[in-house]
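Here are a few short exercises to work through with the model open in your viewer. Try each one yourself before reading the solution.

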Amino acid sequence: MDCRVFLTLLFVLSGTVNVLFAKWTNIQSFEGSDGKPHHFQHPVVLTLLMFLGEYLCFVVYKIVHLLLARRSLGRESDLILTSGSNEFHPLSMLLPSFLRTIASILLFTGLYLTYATSFQMIRGAALIFVGLFSTMYLNQTLTTRHWLAIFTMTCGIVDILALDVQRVEYDNQTVPHTDHNAILTGDLLIIIAEVLHGFQYVYEEKHLKASDIVPIQAAGWQGFFGIIITIISAICLNFVPSVAPFNESSRGVFDDLSDLIPQLRGNTLLILALICFTCSSAIYNCVGMSIAKFSSSANRLLADGIRVYLIWAFVIFAEWEILNLITLMGLIILQMGIIMYRQAIFLEWYRALLARWRRSRYLDLNAEAGPTPSTQPADVI
C-alpha cells in the first residue's frame, strides 16, 4: 500500500474515533460536586486533552527519527514522516494554536448540543472558508466552478440546519436539550469554529511549505502553545457564569472543573474513552498537517469529509440517531459541492467518457476504411 494512501486512511479513522469518543462522553451523566448527575460538559478539558495529544507528537517525532536513522528506511518513508528542516521559529505555531484553541472549544460545545452526524457534515463548511482565505493569502484564483461548488455546499449546510431544528422533536437520544434554540446554537457554533479553522489551515499550509517544517514537530509545538492557552482559558471559564444551555454544571459556569474529579472517580470507561480521544487527536492532527504540507489544505479537508460516512454508519448501527432521508439529501448536496470544488469525479468522468468515445470512433473509422490494396503492377517478364 502506498504510504500516502495509508496516511489518508489513518487520518480518516483517527478523526472518526475522535468524534465518536467525544460524543460518547457528552451523552453520559455522572455525579458532580453537588451530588447530582450532570452531563460530561467539559469542552475546555477536551481541548486540553487534544493539545496534550499533539504535544506527544514530540515524543513520536524523536522515536521515528531515531528509528529511521538506525534502520535507514527507504526514501519514501523519510519523505512522509520526517522530511523537512528542524530549524524553524517555534513562535510561527503560536497563531494557529490560538485559533485552534478557540475553534476547538466552540466545536466541542457545538458537538455537545447537536448530533454527531450534523457536527461532521457542518464541518464541511471549512472548505468554503479555506477557498476564500486561499485567494487572499496563497494567491489562488477561484474559478466559476469553485464559486458554484461553494454555493452548492452552502445549500447543503442550510438544509442540514433546517432539518436539525425539526428532527430534535422526535430524535433526541443524543442531545441534552429538545428546544430548537439549543440545537441551532450548537450548529452555529460549529460554523463559527470552521471560519477559524479555515484561516488556520491556510496559515499552516503556507508556513509548512514555505519554511519546510517537519509536520510532526510543528504539531508538537502547536500542542505546547495550545496547552498554555487552554490552561489560561480553563481558569477563566471556570469562574465565568453562563446562561442556558451552557450552565448545566454544579456551579452554573461554562466549564466547571470542580465536577471533573468526581465524574472521573471510579469511572473506568470514561477514563479509557478520554485516553483514546487523546491518542486519536495526536494521530489525527499530525497526519493532517502532513497532508497539508505534501498536498494542500483543500485535500486535507476532502479526506476529512470521508469520515462522515463512517460516523453515519456507526450512529445508525448503535441507534444513536434516526436515519432521515432529508438529512441524507443535505449530505448528498454538500458532498456534490465538495466533489465539484476539488474536481474529483465529475470532470474526470466526463474526460474519460469523451476520450473513450473518441477512441472508439477512431477505431470504427479505421475498421470501415479496411486495409489499403496494393496498386503496384506486377513485374513483366
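**Exercise 1.** Which residues have the most contacts inside the largest nonpolar core?

Some ground rules to start: this is a predicted model, where local features need pLDDT of at least 70 and side-chain atom pairs count only at pLDDT 80 or more, while totals for chains, interfaces and linings use all residues. Residues are numbered from 1 along each chain as its sequence is written, and side-chain values use heavy atoms, leaving out hydrogens and water.

Step 1: a nonpolar core is a set of buried Ala, Val, Leu, Ile, Met, Phe, Trp, Tyr and Cys residues joined through side-chain atoms within 4.5 Å; buried means under 20% relative accessible area with a 1.4 Å probe, protein chains only.
Step 2: the largest such core has 53 residues, and M121, M153, I157, F277, L334 and Y341 have the most contacts inside it.
Step 3: a second, separate core has 14 residues, including L208 and I213.

**Exercise 2.** Work out how helices α8 and α15 (DSSP runs of H or I, at least four residues, numbered from the N terminus) pack.

Step 1: α8 spans residues 144–167 and α15 residues 325–342, with axes 8 Å apart at an angle of about 160°.
Step 2: that makes the pair roughly antiparallel (an angle over 145 degrees).
Step 3: sort the contact residues, and you get 16 nonpolar, six polar and four charged.

**Exercise 3.** Is H146 buried or exposed?

Step 1: find H146 in helix α8.
Step 2: its relative accessibility is 11%, so H146 counts as buried.
Step 3: beyond neighbours within four places in sequence, H146 contacts T141 and Y341 (heavy atoms within 4.5 Å).

Conventions: Axes fitted to C-alpha atoms, helices over the stretch in contact; angles between N-to-C directions. Helix = DSSP H or I, 4+ residues; strand = E, 2+ residues; numbered from the N terminus. Parallel < 35°, antiparallel > 145°, perpendicular 65-115°, else oblique. Nonpolar A, V, L, I, M, F, W, Y, C, P; charged D, E, K, R; others polar. Buried < 20%, exposed > 50% of the residue type's maximum accessible area, 1.4 Å probe, protein only.
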